Amino acid sequence: MISIEKLSKLPRKTRLRKIVLLLQAEERELQGGGEPHRNYLGFICGMLALDGKCGPGLTATAEACRRLCEEGAPDPVRLRRRVNRLRHALLRCLGAEPAEWDL
């Protein structure tokens with residue numbers, strides 16, 4: 001994983017595209033029964049919640065994901081669904097076509 005410091009220094013569009021990949025990797029990890037990277041994921045969700053340029057939908061989804069990461073031991077299925085929603089909201093913000101989502 002890229003460090004939080006390095007991620008935050010990337011240009012905005014590059015950072016958002018990288019976050020899409022990070023969220024996808026987290027989904028796969030959770031799908032396979034792995035432990036969530038709660039602190040890292042919480043920071044990413046907080047970063048997206050503060051972005052504000054993608055509209056209230058992404059902000060609300062990111063904030064809900066951040067709060068879920070702060071729980072002691074969040075339900076992995078619930079967290080995976082929240083991460084998936086956030087990833088798709090971010091893809092919509094970036095204007096990615098559905099056919100590109102699987103790349």
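# Helices packed together: a Q&A

In this predicted model, helix α5 has L79, V83, L86, R87, H88, A89, L90, L91 and L94 as buried residues. Let's work outwards from there.

User: Which helices help cover the buried residues of α5?

Analyst: We're after the parts that touch those buried residues, a group that includes L79, V83 and L86. The cover for them includes α2 (12-31), α3 and α4.

User: How far apart are the end C-alpha atoms of α5?

Analyst: Start with the helix's 19 residues. At 1.5 Å a residue, they should span 27 Å, and the model agrees with that. So the end C-alpha atoms of α5 are 27 Å apart.

User: What phi does G95 take just after α5?

Analyst: Look at the residue that comes just after the helix, G95. Its phi is positive, and the value is about 75 degrees.

User: At roughly what angle do the axes of α3 and α5 cross?

Analyst: These two helices have axes that come within 12 Å of each other. α3 passes α5 in a left-handed crossing. The angle between the axes is roughly 35 degrees.

User: Which residues of α3 and α5 make that contact, and how many are nonpolar?

Analyst: On the α3 side, you'll find L41, C45 and L48. On the α5 side, the contact uses L79, V83, L86 and L90. Sort them by class and there are no polar and no charged residues, while the nonpolar ones number seven.

User: Why is α3 described as largely enclosed by the rest of the structure?

Analyst: Check which residues are buried: Y40, L41, G42, I44, C45, G46, M47, L48, A49 and D51. Their cover includes α1 (4-9), α2, α4 and α5. α3 is largely enclosed because its buried residues number 10 of the 14.

User: How far does α3 reach, and which residue follows it?

Analyst: With 14 residues at 1.5 Å each, the expected reach is 20 Å, and α3 comes close to that with 20 Å from its first C-alpha to its last. After the helix there's a residue with a positive phi near 75 degrees, and that residue is G52.

User: Within what arc do the buried residues of α4 fall?

Analyst: First, the buried residues of α4 are L58, T61, A62, A64, C65, L68 and C69. Now look down the helix axis: they line one face of the helix, because they all fall within an arc of 160 degrees.

User: Which residues on the other side of α4 are exposed?

Analyst: The buried side has cover that includes α3 (38-51) and α5 (76-94). Flip to the other side of α4, and the exposed residues there are P56 and E70.

User: Is C65 buried or exposed?

Analyst: C65 lies in helix α4. Leaving out residues up to four places away in sequence, C65 touches L41, C45, R82, V83 and L86. Its relative accessible area is 0%, so C65 is buried.

User: What distance separates the C-alpha atoms of C65 and R82?

Analyst: Along the chain, these two are 17 residues apart. In space they also touch. Their C-alpha atoms are separated by 5.9 Å.

User: Is E27 buried or exposed?

Analyst: E27 sits in helix α2. Not counting residues up to four places away in sequence, E27 touches R80, V83, N84 and R87. Its relative accessible area is 11%, and buried means under 20%, so E27 is buried.

User: What does R12 count as, at 28% relative accessibility?

Analyst: R12 is another residue found in helix α2. Buried needs under 20% and exposed needs over 50%. At 28%, R12 therefore counts as partly exposed.

User: How far apart in space are R12 and D51, C-alpha to C-alpha?

Analyst: Aside from its neighbours within four places in sequence, R12 is in contact with D51, K53, C54 and C93. R12 and D51 are 39 residues apart in sequence. In space, C-alpha to C-alpha, they're 9.3 Å apart.

User: Is G72 buried or exposed?

Analyst: You'll find G72 in the loop between α4 and α5. From A49, G72 is 23 residues away in sequence and 21 Å away in space, C-alpha to C-alpha. Exposed means over 50%, so at 65% relative accessibility G72 counts as exposed.

Conventions
Residues numbered from 1 in each chain as written. Predicted model: local features only at pLDDT ≥ 70, side-chain atom pairs only at ≥ 80, totals over all residues. Heavy atoms only, no water. Buried < 20%, exposed > 50% of the residue type's maximum accessible area, 1.4 Å probe, protein only. Helix = DSSP H or I, 4+ residues; strand = E, 2+ residues; numbered from the N terminus. Arc of directions from axis to C-beta. Contact = heavy atoms within 4.5 Å. Axes fitted to C-alpha atoms, helices over the stretch in contact; angles between N-to-C directions. Left-handed = near helix turned anticlockwise from the far one by under 90°. Nonpolar A, V, L, I, M, F, W, Y, C, P; charged D, E, K, R; others polar. Expected span 1.5 Å × (residues − 1).
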